[in-house]
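Subject: Handover of a structural model

Dear colleague,

Please find the structure below, handed over for your files. A summary of what was found in it follows.

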Amino acid sequence: MPKVTIFPDERVLARTLAAQIVEAVAQKPDIVLGLPTGRTPIRLYHELGAMHAKGQADFSRVTTFNLDEFLGVPPEHPGSYRAFMQEHLFSRVNIPDSQIHLLNGVAPDPLAECIRYERAIAAAGGLDLQLLGIGTNGHIGFNEPARELTGSTHRVLLKPSTRHSNAALFGGNEENVPREALSMGMATILRARRILLIATGKSKAACIERAAHGPITTRMPASFLQLHRDMELVLDEAAASKLSRS
Ligand code: GLP
């Protein structure tokens with residue numbers, strides 16, 4: 001049974017989680033973090049920025065690896081996850097650029113880029129703390145529901161529903177959202193020493209129940225998190241509203 005923590009609302013969740021992450025950084029200043037994009041972590045990232053601005057958090061020795069990036073989108077494009085991270089986190093804290101890692105969506109050889117990324121994570125000593133969001137279809141990173149899942153960092157074809165939910169990054173038009181992406185794989189994620197999956201809002205309630213208590217199936221990639229020893233679901237009341245037991 002996964003550990004579940006439920007907060008009354010998104011604000012309290014973001015504040016409490018930011019304080020926990022700052023505490024984890026204080027305990028291990030050279031911590032290696034795995035980071036998600038999406039609407040869900042935005043408040044958390046801003047809270048981390050606010051704590052840094054108040055002198056409560058030093059990220060100078062932290063290393064980060066983002067989960068995924070759109071294929072064919074250069075880092076400087078406003079729709080890239082690199083640009084998202086810059087806006088919501090990296091411009092607000094003091095992580096040196098050389099310690100920030102994202103997949104390069106315009107790498108000339110995407111396969112070689114995936115291999116490079118896996119090696120970089122290993123060379124950093126592996127992920128200490130992986131933060132995750134979840135897609136309404138149960139995807140984590142860009143590991144989409146499918147007949148088979150991939151273990152290591154790889155190239156993926158995005159589902160229409162995922163392109164739809166990422167449309168805001170591309171002028172609100174899902175046709176402009178790339179059809180493919182690069183993503184950490186299921187094994188890359190599951191090798192993290194600790195995993196916190198954050199979900200807020202009613203739209204996530206059904207997939208959270210299936211991820212937490214449903215069968216472990218490639219049709220619900222987040223269900224594989226049930227196999228992890230140190231995984232916690234961090235939810236607001238709305239996202240927790242369909243949990244059958246917790
Ligand atoms: C994207 C990302 C995922 C993220 C998901 C949920 O597709 N690749 O890593 O978890 O969206 O996004 P949101 O937090 O906006 O619901």
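How much area does the protein expose, and what share of it do carbon and sulfur atoms supply? The exposed area is about 11,000 Å², and carbon and sulfur atoms supply 51% of it; accessible areas come from the Shrake-Rupley method with a 1.4 Å probe, and for residues only the protein chains shown count as cover.

Some conventions should be stated at the outset. This is a predicted model, in which local features need pLDDT of at least 70 and side-chain atom pairs count only at pLDDT 80 or more, while totals for chains, interfaces and linings use all residues. Residues are numbered from 1 along each chain as its sequence is written, and side-chain values use heavy atoms, with hydrogens and water left out.

Overall architecture

The protein has 7 helices and 10 strands; these are DSSP runs numbered from the N terminus, with helices (H or I) of at least four residues and strands (E) of at least two. Its radius of gyration is 17 Å, close to the 18 Å that the globule rule gives for 246 residues, so the protein is as compact as a globular protein of that length. That radius is taken over C-alpha atoms, and the rule is 2.2 Å times the number of residues to the power 0.38. Along the principal axes, the C-alpha atoms fill a box of roughly 45 × 45 × 35 Å.

Of the 246 residues, 53% count as buried (buried means under 20% relative accessible area, exposed over 50%, partly exposed in between, with a 1.4 Å probe and protein chains only). Among contacts (heavy atoms within 4.5 Å) with a separation of 6 or more, 79% come from residues 24 or more positions apart.

Charges and salt bridges

There are 27 positive and 25 negative side chains, and the centres of the two sets lie 4 Å apart. Lys and Arg count as positive and Asp and Glu as negative, without His and the chain ends; each charge is placed at NZ of Lys, CZ of Arg, CG of Asp or CD of Glu.

A search of the whole structure finds 9 salt bridges, each defined as a side-chain nitrogen of Lys or Arg within 4 Å of a carboxyl oxygen of Asp or Glu. One of them joins Arg-43 and Glu-10 at 3.7 Å, N to O. This pair links distant parts of the chain, with Arg-43 in helix H2 (residues 42–53) and Glu-10 in helix H1 (residues 10–27), 33 residues apart. Arg-43 is partly exposed at 41% relative accessibility, as is Glu-10 at 27%.

Helices H2 and H1 are also linked through Glu-47 and Arg-15, which are 32 residues apart and meet in a salt bridge of 3.5 Å, N to O. Glu-47 is partly exposed at 21%, and Arg-15 is partly exposed at 46%.

Between strands, Glu-180 and Arg-155 form a salt bridge of 2.9 Å, N to O. Glu-180 lies in strand E8 (residues 180–183) and Arg-155 in strand E7 (residues 154–157), 25 residues apart. Glu-180 has a relative accessibility of 27%, and Arg-155 one of 46%. In addition, Lys-28, Asp-128 and Arg-193 are linked in a network of salt bridges.

A loop residue

Ser-203 is found in the loop between strand E9 (194–199) and helix H7 (205–213). This residue is partly exposed, with a relative accessible area of 48%. Ser-203 and Ala-192 are 11 residues apart in sequence and 27 Å apart in space, C-alpha to C-alpha.

Yours sincerely
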